[in-house]
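Here is a short briefing on the cores and pockets of the protein shown below. Have the model open as you read.

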Amino acid sequence: MAASIVLFIIVVQIGVSYIANQKDVSIPTRRNMTIAFFFAVVCCMVAYDVAVMDPSYYDILGVSPGVDSISLKKAYKSLSKKLHPDKNPNDPHAAENFMLMQEVYEVLSTRDLRETYDSYGQEYMINARISPRSKSVDLSYERLLMYHAPFYFISALVAYALTISKKSNDARPYAFVMLFGLAIAEWYCKSYHDSLWFIPLTIYQQVECLKNIYHYMLQGAIMYSGLCYLDLEGMKLSLLSVVKQQLERQETALRNQEIMLRLLIQHVVKNKKSGNVLEGEGEGEGSEQKSKILDQLSNLTAQGKKKALERKIQKEAGAAIEKAKAAQSKEHPWGLYIFIGLSLLNYFSK
């Protein structure tokens, strides 16, 4: 059973992952595809479990579970002639097989033993020490409760443990509902087994199949719950971290603006105290001081440093041009002076 569950989980996980990666398909369609794939895998796993089941007493005699006593006796006589040790001298297991066939026929030919076997199987008969030589069969409620209670109690604990995480927590109600449905189905199979004559399995084999289906459904519900799970708390934390980063950036920008304003206010107050801010003369100096303040404020950022460097280069270039013009204006036009002097000398000499 454990190997079947592991195989089921691997197959379903691969299929669910493939369906989840189909981004061009809408979410409702992907969910329907997941459910359909899940039920298809469950059917295949149930068919596999039925195929690998141990042969029942009816399989040993080659009859169906609903066989009557007359057909059962005929099958036993035919098989006893075939498996008798005297007719199979070369088979070392002939005597063992013949004794097993006799024991099977004695169980199925006795009404109480047959009903007990059909309902609970060979394992229960061995544990309860019920044999063909038993004069009575103990089917009291205490014994039946001790037979059924451990499975349902352990199954409930396992279902609770598997759905304790946040991703699988939504599957817990379905797990307990399915467990309750399993109990009802088992009661129906054992109480109205005559209505299920078309199923070629004994009652305990039907119950085993239902239990396997429950385990598959439980694992499927857990996986589907994880697929549909939305981590709201994680999303809230991620959003809060993004908002926190934005607030930190805004706080940094406000601090830079505050520093800029403080520098500007300090410079203005300093200029007022020194009396540099005057009409006329103070305008040129004020503009120069203003540019200095702007340079200091803009240097707070990398882009501001770049702009400050450009302004510095432009300022130095303008100063160089003005200096060249001033130097040029200070030079004396000696050629003009000589031309005027020669002209005056020629005029007076006439």
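When residues are sorted by class, Ala, Val, Leu, Ile, Met, Phe, Trp, Tyr, Cys and Pro count as nonpolar, Asp, Glu, Lys and Arg as charged, and the others, Gly among them, as polar. This is a predicted model, where local features need pLDDT of at least 70 and side-chain atom pairs count only at pLDDT 80 or more, while totals for chains, interfaces and linings use all residues. Residues are numbered from 1 along each chain as its sequence is written, and side-chain values use heavy atoms, with hydrogens and water left out.

**Largest pocket**
- The largest pocket (an open set of 1 Å grid points where a 1.4 Å probe fits, with protein on both sides within 12 Å along at least five of seven lines; lining residues have an atom within 4 Å of a point) has a volume of about 740 Å³.
- Its lining has 11 nonpolar, 10 polar and seven charged residues.
- Among the 28 lining residues, Asp54, Tyr120, Glu123, Tyr204 and Glu208 lie nearest the centre.
- Helix α6 (a DSSP run of H or I, at least four residues) provides the largest share of this lining, eight residues.

**Second largest pocket**
- This pocket has a volume of about 590 Å³.
- Pro65, Asp118, His193, Asp194 and Ile203 are the closest to its centre, out of 27 lining residues.
- Here too α6 gives the most to the lining, with seven residues.

**Around Leu61**
- Leaving aside neighbours within four places in sequence, Leu61 is in contact (heavy atoms within 4.5 Å) with Leu72, Ala75, Leu79, Met101, Val104, Tyr105 and Leu108.

Methods. Grid points are joined across faces, edges and corners, and a volume is the space filled by probe spheres set on the points. Helices (H or I, at least four residues) and strands (E, at least two) are DSSP runs, numbered from the N terminus.
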